[in-house]
Amino acid sequence: MTPPDIDDRAIAAHVPRLRRYATALVGNRPDADDLVQDCVEKALANRHALRDPSKLGGWLMTILHNLHISSQRGRRRRGAEVPVEDLADDLALSVPPADRGAVRDFVRAFAQLTDEHRTILLLTGMEGLSYREVAEVLELPIGTVMSRLARARERLRVLLEGGTQQVVRRIK
Amino acid sequence: MSGTRNPVTEAELHAWLDGELPEERLSDVERHLADNPDVAQRFDRYRVQRSLLGQSFGPLIDQPLPDRLTPPFTVREPSAIAAPRGGRGTWWGMAVAASLLVFVAGGTSGWLLRDRMGGRTEPPTAAFIADAVAAHRVFSVEVRHPVEIGVDEEAHLVNWLSKRLGKNMRCPKVTRGGYELIGGRLLADSVGPVAMYMYEDAAGRRITLYIRPSPNTSGSAFRFAQDGGVRALYWQDNGLALAVAGEADRDTLSGIAEEVYGALNS
């Protein structure tokens with residue numbers, strides 16, 4: 001057997017992050033775990049395609065992202081309300097009691113965003129990726145990343161606070 | 001500040017929030033925020049959003065992982081991967097059934113060892129697996145004499161068994177699952193000599209590896225069998241029939257089988 005470029009262990013190191021990202025993205029754990037498992041399998045099947053092992057983290061994110069997009073295309077209808085309630089309650093329990101309400105509201109509002117908006121907010125705000133890295137993961141021009149991020153933040157602000165949405169027509 | 005030559009853009013404000021603003025623009029952006037309290041307030045809200053994002057989802061990283069997301073990872077057959085998502089429950093079941101697929105190439109009807117795609121042969125017989133499980137039952141409970149030759153004489157053990165079976169019998173000394181080789185013995189069954197290695201983990205759980213020469217065979221799929229509390233994975237490779245047996249879960253057995261396969265083919 002030829003020694004694999006990337007082994008199980010290298011991929012396993014990224015699984016907790018992938019899973020966190022996937023859970024926040026899809027709003028429930030079982031679907032998130034399916035997505036991560038698909039991602040791991042696809043990565044293993046294509047392990048030789050990755051030339052630079054130091055890029056493994058971003059490469060896995062790209063795979064997960066693309067798998068998520070194609071699964072969403074498969075089923076357009078998306079009624080995430082029911083499962084996200086469970087997640088919101090779960091996540092609220094992992095913070096101090098005083099913050100529970102805020103976390104619950106946030107998780108619910110976040111679930112109402114589009115996938116594109118959730119993705120961009122998670123990659124920048126949660127995963128700490130730079131705009132350039134986000135552009136690489138999503139295979140988008142950096143300008144698109146920045147304008148999408150601006151819209152996502154504004155949309156989420158409105159969902160959280162009500163009020164009128166600031167129209168962001170021109171980014172530059 | 002719209003009258004200045006370089007007005008501050010929305011994108012620059014976000015870049016400022018994200019720490020990506022070029023330093024030479026910092027003072028312009030800060031002045032813009034000071035002059036436009038509504039904008040400053042909006043970006044305050046964005047900052048709060050970001051911290052709520054971390055507070056809400058951050059703890060997810062510490063959640064225990066389910067088995068299917070811990071190594072050794074499995075790879076489904078291409079036909080299973082192409083299956084529609086609706087039937088998740090069933091095709092995840094198939095994935096578990098294929099738990100050794102790390103070194104299995106695809107194919108719709110069976111899983112062949114990657115190096116042995118060409119010659120599919122009969123799988124090891126039921127008699128073989130019964131012998132392997134029986135040997136496990138007899139010897140794994142032995143307190144004083146579980147093995148004939150201990151791991152302290154590993155080289156001698158390996159040489160001896162290799163000579164008697166006419167094949168290289170090099171096996172992993174410690175497995176990733178934490179099982180350590182404690183020794184082995186020579187057995188006899190209806191066909192002739194059989195080698196048995198025994199592994200033990202820190203909790204005293206034992207796994208046995210049962211190896212019988214099996215001439216004129218090439219590779220076969222990994223197969224799973226269960227008899228009472230004893231589970232076994234068995235396969236043929238390179239003129240040998242092999243079985244890993246124990247009370248351990250299937251993933252653990254798969255991991256050990258994989259390592260044995262690797263050691264015997266290195």
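Let's start at a helix contact in chain A. On one side, helix 7 of chain A brings A:Glu116, A:His117, A:Ile120, A:Leu121 and A:Thr124. On the other side, helix 9 of chain A brings A:Val145, A:Arg148, A:Leu149, A:Arg151, A:Ala152, A:Arg155 and A:Leu156. Sorted by class, this contact has six nonpolar, two polar and four charged residues. Keep in mind that we are looking at a predicted model.

How do the two helices cross? Two packed helices are described by the angle between their axes and the distance between the axes. Here, helix 7 covers residues 115-126 and helix 9 covers residues 142-161 of chain A. Their axes come within 9 Å and cross at roughly 105°. Angles of 65 to 115 degrees count as roughly perpendicular, so helix 7 of chain A is roughly perpendicular to helix 9 of chain A.

Stay with helix 7 of chain A. Is this helix mostly covered or mostly open? Mostly covered: nine of its 12 residues are buried. The buried set runs A:Arg118, A:Thr119, A:Ile120, A:Leu121, A:Leu122, A:Leu123, A:Thr124, A:Gly125 and A:Met126. Just past the end of helix 7, A:Gly128 has a positive phi of about 70°.

Now chain A as a whole. The chain has nine helices and zero strands. Chain A holds 172 residues, and 37% of them are buried. Take the contacts in chain A with a separation of 6 or more: 60% of them link residues 24 or more positions apart.

Next, the cores. The largest nonpolar core has 49 residues. Which residues have the most contacts inside it? They are A:Ala22, A:Val36, A:Cys39 and A:Leu64. The largest share of this core, seven residues, comes from helix 2 of chain A, residues 15-26. Look at A:Ala22. Setting aside neighbours within four places in sequence, A:Ala22 is in contact with A:Ala32, A:Leu35, A:Val36 and A:Leu64. Apart from this core lies another, of 41 residues. Its members include B:Phe128, B:Phe139, B:Leu233 and B:Ala257.

That takes us to chain B and its sheet. The sheet is open, has seven strands, and pairs antiparallel. The order is 3-4-5-6-9-8-7. Which strands sit at the edges? Strand 3, residues 149-150, and strand 7, residues 223-227, of chain B; each pairs on one side only. Strand 3 of chain B pairs with strand 4, residues 180-188, through two bridges in the antiparallel sense. Within that pairing, B:Gly150 has B:Gly183 as its bridge partner.

Two helices of chain B pack on the sheet. Helix 7 of chain B, residues 154-165, touches strand 3, strand 4, strand 5 and strand 6. Its direction makes about 30° with that of strand 4 of chain B. Helix 8 of chain B, residues 250-264, touches strand 6, strand 7, strand 8 and strand 9. The direction of helix 8 makes about 25° with that of strand 8 of chain B.

Now strand 6 of chain B, residues 206-213. Why call this strand largely enclosed by the rest of the structure? Because seven of its eight residues are buried. Strand 5, residues 193-200, pairs antiparallel with strand 6 of chain B over six bridges. Across that pairing, B:Met198 stands opposite B:Thr208. Strands 5 and 6 of chain B form a hairpin, with five residues between them. In the turn, B:Gly204 has a positive phi of about 85°. Strand 6 of chain B also runs antiparallel to strand 9, residues 240-246, joined by seven bridges. There, B:Ile211 stands opposite B:Leu242.

Last, the interface. How many residues of chain B are in contact with chain A? The count is 37, against 47 residues of chain A. Helix 1 (10-17) and helix 3 (37-57) of chain B each supply at least two residues to the side of chain B that touches chain A. Helix 3 of chain B gives the largest share of that side, 11 residues. By class, that side of chain B divides into 16 nonpolar, nine polar and 12 charged residues.

One residue to finish: B:Ala11, in helix 1 of chain B. Buried or exposed? B:Ala11 counts as buried, because 22 C-beta neighbours lie inside 10 Å; the cut-off is 20 or more. B:Ala11 and B:Leu21 are 10 residues apart along the chain, and their C-alpha atoms are separated by 9.4 Å.

Conventions. Residues are numbered from 1 along each chain as its sequence is written. Chains are lettered from A and ligands numbered from 1 in the order in which they are written. This is a predicted model: local features need pLDDT of at least 70, side-chain atom pairs count only at pLDDT 80 or more; totals for chains, interfaces and linings use all residues. A nonpolar core is a set of buried Ala, Val, Leu, Ile, Met, Phe, Trp, Tyr and Cys residues joined through C-beta atoms within 7 Å. Helices (H or I, at least four residues) and strands (E, at least two) are DSSP runs, numbered from the N terminus. Two residues are in contact if their C-beta atoms, placed from the backbone, lie within 7 Å. Two strands pair if DSSP finds at least two bridges between them. Ala, Val, Leu, Ile, Met, Phe, Trp, Tyr, Cys and Pro count as nonpolar, Asp, Glu, Lys and Arg as charged, and the others, Gly among them, as polar. Axes are lines fitted to C-alpha atoms, for helices over the stretch in contact, and angles run from 0 to 180 degrees between N-to-C directions. Angles under 35 degrees count as roughly parallel, over 145 as roughly antiparallel, 65 to 115 as roughly perpendicular and the rest as oblique.
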